[in-house]
Each structure stands twice: as C-alpha cells, then as structure tokens.
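Trainee: I am new to this structure. Please take one part of it and walk me through that part closely, then show me how the rest fits around it.

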Amino acid sequence: QVQLVESGGGLVQAGGSLRLSCAASGRTSSRYAMGWFRQGPGKEREFVAQMRWNDGRTDYADSVKGRFTLSRDNAKNTVYLQMNNLRPEDTAVYYCAARSLATSQYDYWGQGTQVTVSS
C-alpha cells in the first residue's frame with residue numbers, strides 16, 4: 001500500500017502561482033510513477049502531469065504545458081507541482097496519484113486539495 005498526502009492548495013488570482021506537494025509513504029519504490037489529476041466543477045477528472053520516479057521523465061497535459069512544472073525531493077518521497085500563470089479554468093480539486101510502472105492505471109490516490117483561481 002502507498003499513502004499519499006497532498007498540500008498547498010488555496011485561493012489565488014489569475015496570473016498567480018501555487019505549489020502543490022504530494023508526500024508518499026508506505027511501499028514506495030523507484031519503480032513507481034506519481035501523477036496529478038484534477039476535477040473541476042461539473043467536469044470529469046482529467047490528467048495534469050506525471051513523473052516516473054526511476055528516471056524523472058515527465059509528461060504534461062497540453063493545457064498546462066509551459067505553466068506547470070513537476071519536481072521531486074527523493075529524500076522526502078515528495079513530488080511538487082509548481083503552477084504558474086494560473087487561469088480561472090485551472091480551478092479544480094487536484095489529486096495526487098501513484099502507480100506501478102508495470103501498469104498504466106493509477107491505484108493509489110490522495111484526498112485532494114482545492115485550487116481556486118479568481119478572475
């Protein structure tokens with residue numbers, strides 16, 4: 001089992017920045033990927049970004065490329081999502097998730113953190 005705890009959400013004006021954190025504990029290993037998803041009001045959950053822990057490779061949704069950046073702290077088993085130039089359409093509950101590199105399905109999820117961007 002892997003436990004994930006997110007933090008860092010909040011209210012920010014359009015054009016502002018926030019940094020989300022996701023701390024992993026439990027049966028973590030380098031053969032995992034950690035990702036961020038979000039679900040806006042009345043919308044389905046969507047992929048935002050992910051990082052493979054073994055080589056640091058990252059992938060981003062087109063809607064956030066150039067504005068959001070993933071980074072990590074290996075010692076803390078923590079991944080960060082730096083969100084810059086935020087837009088009202090980025091408003092959502094952001095979820096951290098983890099999966100084994102052997103699968104494409106994310107099996108472990110955090111509780112979510114609210115990000116609200118005002119215009």
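Mentor: Start with strand β11, which has two faces. T113, V115 and V117 make up its covered face. Q114, T116 and S118 make up the uncovered one. Keep in mind that this is a predicted model.

Now look at the partners of β11. Strand β2, residues 10–13, pairs with β11 in the parallel sense. Four bridges join these two strands. One place to find the pairing is G10, whose bridge partner in β11 is V115. Strand β9 also pairs with β11, but here the strands run antiparallel. Three bridges hold that pairing. Look for V93, which stands opposite Q114 in β11.

Next, follow β11 inward. The largest nonpolar core has 29 residues. Strand β11 (113–118) supplies at least two of them. So do β1 (2–7), β3 (18–26), β4 (32–39) and β5 (46–52). The same holds for β7 (68–73), β8 (78–83) and β9 (92–100). Six residues have the most contacts inside this core: L4, M34, W36, L81, M83 and Y94. There is a general background to this. In soluble globular proteins, nonpolar side chains tend to be buried together.

Take M34 from that list. M34 lies in strand β4. Is M34 buried or exposed? M34 has a relative accessible area of 5%, so it counts as buried, the cut-off being under 20%. Leaving aside neighbours within four places in sequence, M34 is in contact with L4, C22 and A24. M34 also touches A49, Q50, M51 and W53. Further contacts of M34 are V79, C96, A97, A98 and Y106. Another pair to locate is M34 and T78. They are 44 residues apart in sequence, and their C-alpha atoms are 9.4 Å apart in space.

Stay with β4 and turn to the rings. The whole structure holds five aromatic pairs. One of them is formed by Y32 and Y108. Their ring centres are 6.5 Å apart, with 45° between the planes, and the pair is tilted. Y32 lies in strand β4 and Y108 in strand β10, residues 108–109, so the pair ties together parts that are 76 residues apart in sequence. Both Y32 and Y108 are buried. There is also an aromatic cluster, made of F37, F47, Y106 and W109. Y106 has appeared before, as a contact of M34.

Two arginines sit over rings. The charged end of R19 is over the ring of Y80, 4.1 Å from its centre. The charged end of R72 is over the ring of W53, 5.3 Å from its centre. W53 is also among the contacts of M34.

A third arginine, R67, deserves a stop. R67 is in the loop between β6 (58–60) and β7. Its relative accessibility is 6%, and therefore R67 counts as buried. Not counting residues up to four places away in sequence, R67 touches Q82, M83, N84, N85, L86, R87 and D90. Two of these names come up elsewhere. M83 is one of the core residues with the most contacts. N85 has a backbone feature to check.

Phi of N85 is near 50°, a positive value in a residue other than glycine. Most residues other than glycine have a negative phi. N85 is in the loop between β8 and β9. Its relative accessibility of 42% is why N85 counts as partly exposed. N77 also has a positive phi, about 50°, and is not a glycine. N77 is in the loop between β7 and β8. At 25% relative accessibility, N77 counts as partly exposed too.

Finally, step back. The protein has 11 strands and zero helices. Its C-alpha atoms fill a box of roughly 40 × 25 × 25 Å, taken along the principal axes. A compact globule of 119 residues would have a radius of gyration near 14 Å, and the protein has 13 Å, which agrees. Buried residues make up 42% of the 119 residues. Consider the contacts between residues at least 6 apart in sequence: 53% of them join residues at least 24 apart. Then go back to β11 and find its covered face, T113, V115 and V117, once more.

Terms used: Residues numbered from 1 in each chain as written. Predicted model: local features only at pLDDT ≥ 70, side-chain atom pairs only at ≥ 80, totals over all residues. Heavy atoms only, no water. Core = buried A, V, L, I, M, F, W, Y, C linked by side-chain atoms within 4.5 Å. Buried < 20%, exposed > 50% of the residue type's maximum accessible area, 1.4 Å probe, protein only. Pairing = 2+ DSSP bridges. Contact = heavy atoms within 4.5 Å. Phe/Tyr/Trp six-rings, centres within 6.5 Å; stacked < 30°, edge-to-face > 60°. Lys NZ or Arg CZ within 6 Å of the ring centre and 35° of its normal. Rg over C-alpha atoms; globule rule 2.2 N^0.38 Å.
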